[in-house]
Amino acid sequence: MNVSIGVRSSVLSALILVVFLLAWHIATRGTTAGGPPMDPEYAKLMGITATTGKSAMPGPLDVGAKLFEHLRKPFYDNGPNDKGIGIQLGWSIARVAAGYGLAVLLAIPLGFLIGMSPTISRALDPFIQILKPVSPLAWMPLALYTIKDSGASAIFVIFICSVWPMLVNTAFGVASVRKEWLNVARTLEVGPWRRAFTVILPAAAPTILTGMRISIGIAWLVIVAAEMLVGGTGIGYFVWNEWNNLSITNVITAILVIGLVGMVLDQLLARAARAVTFPE
Amino acid sequence: MNERFISFEGIARRYPAPDGGTSTIFENLWLGVPKGEFVCVIGHSGCGKTTLLNILAGLDAPSEGVVLVDGREIGGPSLDRAVIFQGHALLPWRTVLGNVAYAVSSRHPRMSKAEVEEHARRFIALVGLQGSEHKRPAELSGGMKQRVGIARALSIEPKILLMDEPFSALDALTRGSLQDEVRRICRETGQTVFMITHDVDEAIYLADRVVLMTNGPGAMVAETVVNPLPVDRERTDLHKHPAYYPLRNHLIDFLVTRSRTWRDAIPADHDPRRPPVVRPSIPAPAAAAAASETAVQSEMLRNIA
Ligand SMILES: Nc1ncnc2c1ncn2[C@@H]1O[C@H](COP(=O)(O)OP(=O)(O)OP(=O)(O)O)[C@@H](O)[C@H]1O
Ligand SMILES: [Mg+2]
């Protein structure tokens with residue numbers, strides 16, 4: 001029992017992974033004999049792989065090989081429907097960065113205002129309450145109609161979905177700054193701007209960053225769906241396109257890559273949150 | 001002017017009551033504090049001491065009346081009046097040095113960073129915290145945090161130091177050594193101090209004058225008591241002074257009974273504008289013998305406990 005919990009959990013993780021990969025491998029090895037006969041219409045739809053003995057579902061080795069291939073050549077560009085996964089990811093990340101960046105620029109100052117002024121808070125509350133639960137994709141037609149540019153529409157959708165958690169958290173963080181810290185600033189005759197940056201911002205920073213972390217997670221969820229809708233470029237479009245090509249291997253590879261990027265984004269913000277958190 | 005360096009002039013503080021009316025914490029309160037004096041306010045919990053201090057600090061505004069400092073009406077918080085808060089109120093994301101430097105740079109906006117730091121370090125050393133400059137409040141003990149609060153307040157070199165039960169959350173030993181330091185520093189600089197306390201012995205040791213507040217609501221200043229002990233008193237042998245027990249008994253008697261009953265029998269000649277000044281008398285030699293006997297007894301009791 002003197003093995004540390006870290007070692008034990010790593011061993012367990014590795015075990016789960018191996019069991020999963022083995023099960024996957026066995027399940028897709030391709031002996032359809034004995035299975036129910038496939039509807040010929042559906043078989044036609046699924047293409048040749050379905051009618052040969054091998055399962056249409058790729059196994060872990062296929063996906064591994066595909067992943068390796070993508071990683072070796074992530075940035076090739078053979079026309080609109082055949083770009084490297086790196087380029088597609090780059091587009092998605094750039095859109096998320098743009099939409100999320102705009103959301104930060106709006107949500108944090110506005111959240112400050114809401115948090116500091118009960119009047120503004122009350123006045124804006126009904127709008128926030130109504131708009132916040134709207135699925136960001138519901139904005140897509142409106143965005144396409146008014147902006148008339150699919151790329152910019154995707155950015156707008158990212159903006160609108162990232163704005164709420166940041167706005168609400170910033171307002172809450174600012175409104176709940178401890179009275180005694182504000183009183184310290186008052187007795188030291190600290191001006192409003194200096195007070196905002198030296199007392200309110202550091203005090204509310206952990207709450208604000210929690211909101212930013214929630215937002216980046218949502219933005220990364222939404223970008224895939226948004227790009228499936230608007231098409232053209234991006235990892236969401238890649239997934240959709242590979243589905244149309246019936247390349248399940250590519251779809252699974254993309255799922256893995258999307259998960260990895262999402263994790264990295266989350267960890268970046270988690271680290272930033274840790275940097276501004278203060279023990280009391 | 002110096003006799004009323006701080007002057008509460010007929011102030012009242014009312015809050016809207018739940019039943020729609022108003023509840024009055026105190027009203028028509030008059031009090032003067034001379035320059036350079038150390039004043040302690042004692043009174044029961046909830047009588048309005050913090051409210052009084054916050055009004056003087058400018059953090060709260062009186063519903064009626066004005067407060068003058070140095071002849072001028074106060075209109076809000078000021079760097080001339082430093083506050084040592086009950087809950088230390090350090091900014092937890094700043095180090096000890098950062099907390100004190102924040103106050104220094106507020107006082108002297110044009111000072112260079114190096115000068116600010118130098119100035120802050122001087123006051124950190126004054127409260128005996130050299131070596132802990134780069135620690136954060138979470139890494140400090142309660143007593144050390146309160147020292148930082150004291151250093152921060154002193155570092156802006158205020159005209160008046162306001163303290164709201166600064167030592168009440170500390171253990172007896174730490175409290176004693178901090179009292180010694182505050183007294184030393186305030187005597188050296190002739191600081192005017194307005195302090196709230198629950199602790200009668202703390203008031204006897206520190207205060208030149210003790211203000212007695214009756215119970216709320218509608219609290220009043222019953223009287224101010226001049227401390228008859230010599231200014232060079234030591235904390236450890238307070239009880240050896242013949243005037244110690246008369247003073248202590250007077251204060252305890254007030255807290256135990258008179259703070260409650262005083263209002264029912266307000267002396268006919270009581271003028272709220274000029275609360276009576278009391279000077280507990282040093283007992284005659286016969287009484288002194290009795291007093292010192294009690295002193296010995298309570299000393300013995302203390303040793304047993
Ligand atoms: N915001 C408020 N609204 C209504 N009543 C208040 C408010 N703040 C304080 N009071 C009342 O004012 C009275 C005086 O409060 P204050 O904090 O000044 O007491 P205190 O003498 O400092 O007590 P303690 O010794 O416990 O610190 C209390 O009865 C309290 O209930
Ligand atoms: Mg109080």
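A residue is called buried when its relative accessible area is under 20%, exposed when that value is over 50%, and partly exposed in between (1.4 Å probe, protein chains only). By this standard, buried residues make up 40% of the 280 residues in chain A, and 51% of the 305 residues in chain B. The structure is a predicted model, in which local features need pLDDT of at least 70 and side-chain atom pairs count only at pLDDT 80 or more, while totals for chains, interfaces and linings use all residues. Residues are numbered from 1 along each chain as its sequence is written, chains are lettered from A and ligands numbered from 1 in the order in which they are written, and side-chain values use heavy atoms, with hydrogens and water left out.

The overall build of chain A comes first. Helices (H or I, at least four residues) and strands (E, at least two) are taken as DSSP runs and numbered from the N terminus. Chain A contains twelve helices and zero strands. Its radius of gyration is 24 Å, well over the 19 Å that the globule rule gives for 280 residues, so chain A is more spread out than a compact globule. Here the radius of gyration is taken over C-alpha atoms, and the globule rule is 2.2 Å times the number of residues to the power 0.38. The C-alpha trace of chain A spans about 80 × 65 × 35 Å along its principal axes. A contact means heavy atoms within 4.5 Å. Of the contacts in chain A between residues at least 6 apart in sequence, 72% join residues at least 24 apart. Chain A exposes about 16100 Å², and carbon and sulfur atoms supply 71% of that area. Accessible areas come from the Shrake-Rupley method with a 1.4 Å probe, and for residues only the protein chains shown count as cover.

Chain B is built from both kinds of element, with eight helices and eleven strands. The radius of gyration of chain B is 20 Å, close to the 19 Å that the globule rule gives for 305 residues, so this chain is as compact as a globular protein of that length. Along its principal axes, the C-alpha trace of chain B measures about 60 × 55 × 40 Å. Among contacts in chain B between residues at least 6 apart in sequence, 73% link residues at least 24 apart. The area exposed by chain B is about 13700 Å², with 53% of it supplied by carbon and sulfur atoms.

Some places in chain A deserve a closer look. A:Asn169 sits in helix α8 (residues 150-175) and is buried, with a relative accessible area of 16%. Leaving aside residues up to four places away in sequence, A:Asn169 touches A:Thr207, A:Thr210 and A:Gly211. A:Lys148 belongs to the loop between α7 (140-147) and α8 of chain A. A:Lys148 counts as exposed, at 67% relative accessibility, and has a positive phi of about 60 degrees although it is not a glycine.

Helix α9 (residues 179-187) of chain A brings the two chains into one picture. Its buried residues are A:Trp181, A:Asn183, A:Val184, A:Ala185 and A:Thr187. They pack against α10 (192-230) of chain A together with β6 (81-84) and α4 (142-155) of chain B. After α9(A) comes A:Glu189, whose phi is positive, near 50 degrees.

The remaining site is the surroundings of ligand 1. A residue is near a molecule if one of its heavy atoms lies within 4 Å of it. The residues around ligand 1 include B:Tyr15, B:Ile25, B:His44, B:Cys47, B:Lys49, B:Glu165 and B:His198. Helix α1 (residues 49-57) of chain B gives the largest share of this shell, three residues. By class, the shell has three nonpolar, seven polar and two charged residues. In this scheme Ala, Val, Leu, Ile, Met, Phe, Trp, Tyr, Cys and Pro count as nonpolar, Asp, Glu, Lys and Arg as charged, and the others, Gly among them, as polar.

A polar contact is a pair of N or O atoms within 3.5 Å; within protein, one must be able to donate a hydrogen and the other to accept it, and residues adjacent in sequence count only if both atoms are side-chain atoms. An oxygen atom of ligand 1 is 2.5 Å from a side-chain N or O atom of B:Thr50, and an oxygen atom of the ligand is 2.5 Å from one in the side chain of B:Thr51. For B:His198, the distance from a ligand oxygen atom to a side-chain N or O atom is 3.4 Å. The protein covers 58% of the 640 Å² of accessible area that ligand 1 has on its own. B:Glu165, one of the residues around ligand 1, lies in the loop between β7 (160-164) and α5 (172-189) of chain B. B:Glu165 is buried, with a relative accessible area of 10%, and its phi is near 40 degrees, a positive value in a residue other than glycine.
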